[in-house]
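Work through the exercises below with the model open beside you. Try each task before reading its solution.

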Amino acid sequence: MQRYPLQLEWVINQVAEIDHYQPILFVVDSFDHLFSEVDRFEQWMRDGKLYNVAPGLPDIAESDLRSFLEAAAPETQSR
């Protein structure tokens with residue numbers, strides 16, 4: 001695992017997989033630093049500068065979601 005100072009350009013292009021440890025952790029100096037970067041991120045969004053960033057998590061297939069919900073249904077109905 002690597003640690004780097006927070007660089008907004010890197011953060012917005014870092015793919016995050018919730019079921020894996022992240023290979024890069026970003027370190028902030030303080031909450032003030034973090035809040036200023038959030039403000040800068042918000043301004044980038046308002047300016048339309050975030051159209052070419054890394055995609056988020058992959059979509060969940062409806063069939064996978066349905067099978068998960070149906071597998072849980074019998075247990076819920078037996079109560």
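The exercises move from the overall fold to contacts between side chains. The model is predicted.

**Exercise 1. Chain layout**

Task: State how many helices and strands the chain has, and give their order.

Solution:
- Step 1. Count the elements. The chain has 3 helices and 2 strands.
- Step 2. Read along the sequence. The pattern is β-α-β-α-α.
- Step 3. Add burial. The chain has 79 residues, and buried residues make up 8% of them.

**Exercise 2. The span of α2**

Task: Check whether the end-to-end distance of helix α2 agrees or disagrees with its number of residues.

Solution:
- Step 1. Take the range. Helix α2 covers residues 31-46, which is 16 residues.
- Step 2. Work out the expected span. The rule is 1.5 Å times one less than the number of residues. For α2 this gives 22 Å.
- Step 3. Compare. The end C-alpha atoms are 22 Å apart, so the span agrees with the expectation.

**Exercise 3. The two ends of α2**

Task: Find which side chain reaches a backbone nitrogen at the start of α2, and which residue with positive phi follows the helix.

Solution:
- Step 1. Look at the start. A side-chain oxygen of Ser 30 comes to within 3.4 Å of the backbone nitrogen of Asp 32.
- Step 2. Apply the cut-off. A polar contact needs N or O atoms within 3.5 Å. The Ser 30 oxygen, within 3.4 Å of its partner, satisfies that distance.
- Step 3. Look past the end. Gly 48 follows α2, and its phi is positive, near 75 degrees.

**Exercise 4. An aromatic pair**

Task: Classify the ring pair of Tyr 4 and Trp 10 from the distance of the centres and the angle of the planes.

Solution:
- Step 1. Count the pairs. The structure holds 2 aromatic pairs. One of them is Tyr 4 with Trp 10.
- Step 2. Check the distance. Ring centres must lie within 6.5 Å. Those of Tyr 4 and Trp 10 are 5.1 Å apart.
- Step 3. Check the angle. Planes over 60 degrees apart count as edge-to-face. Here the planes stand at 70 degrees, so the pair is edge-to-face.
- Step 4. Assign exposure. Tyr 4 has a relative accessible area of 28%, so it is partly exposed. Trp 10, at 37%, is also partly exposed.

**Exercise 5. Salt bridges and a network**

Task: List the salt bridges and find which residues they join into one network.

Solution:
- Step 1. Get the total. The whole structure has 3 salt bridges.
- Step 2. Start with Glu 9 and Arg 40. Their closest N and O atoms are 3.8 Å apart. This pair links distant parts of the chain: Glu 9 is in helix α1 (residues 8-11) and Arg 40 in helix α2, 31 residues apart.
- Step 3. Turn to Glu 37 and Arg 40. Their closest N and O atoms are 2.8 Å apart. Both residues lie in α2, 3 residues apart, about one turn of the helix.
- Step 4. Take Arg 46 and Glu 42. Their N to O distance is 2.6 Å. Both lie in α2, 4 residues apart, again about one turn.
- Step 5. Find shared partners. Salt bridges join Glu 9, Glu 37 and Arg 40 into one network.
- Step 6. Explain the spacing within the helix. An α-helix has 3.6 residues a turn, so residues three or four places apart point the same way.

**Exercise 6. Exposure of the charged residues**

Task: Sort the salt-bridge residues into buried, partly exposed and exposed.

Solution:
- Step 1. Recall the cut-offs. Buried is under 20% and exposed is over 50%, with partly exposed in between.
- Step 2. Sort the network. Glu 37 is at 12%, so it is buried. Glu 9, at 39%, is partly exposed. Arg 40, at 31%, is partly exposed.
- Step 3. Sort the remaining pair. Arg 46 is at 63%, so it counts as exposed. Glu 42, at 31%, is partly exposed.

**Exercise 7. Nonpolar residues**

Task: Identify which residues make the nonpolar surface patch, and say whether Leu 50 is buried or exposed.

Solution:
- Step 1. Name the patch. Val 28, Phe 31, Leu 34, Phe 35 and Val 38 make a patch of about 460 Å².
- Step 2. Take one member. Phe 35 lies in α2. Its relative accessibility is 48%, so it counts as partly exposed.
- Step 3. Move to Leu 50. This residue sits in the loop between α2 and α3 (62-77). Its relative accessible area is 18%, so Leu 50 is buried.
- Step 4. Check a pair distant along the chain. Leu 50 and Ile 12 are 38 residues apart, and their C-alpha atoms are separated by 8.5 Å.

Notes:
Residues numbered from 1 in each chain as written. Predicted model: local features only at pLDDT ≥ 70, side-chain atom pairs only at ≥ 80, totals over all residues. Heavy atoms only, no water. Polar contact = N/O pair within 3.5 Å; in protein donor to acceptor, adjacent residues only side chain to side chain. Phe/Tyr/Trp six-rings, centres within 6.5 Å; stacked < 30°, edge-to-face > 60°. Buried < 20%, exposed > 50% of the residue type's maximum accessible area, 1.4 Å probe, protein only. Patch = residues over 30% accessible without salt bridge, like charges linked within 9 Å, V, L, I, M, F, W, Y side chains within 5 Å. Areas by Shrake-Rupley, 256 points an atom, 1.4 Å probe, with all protein chains shown as cover. Salt bridge = Lys/Arg side-chain N within 4 Å of Asp/Glu carboxyl O.
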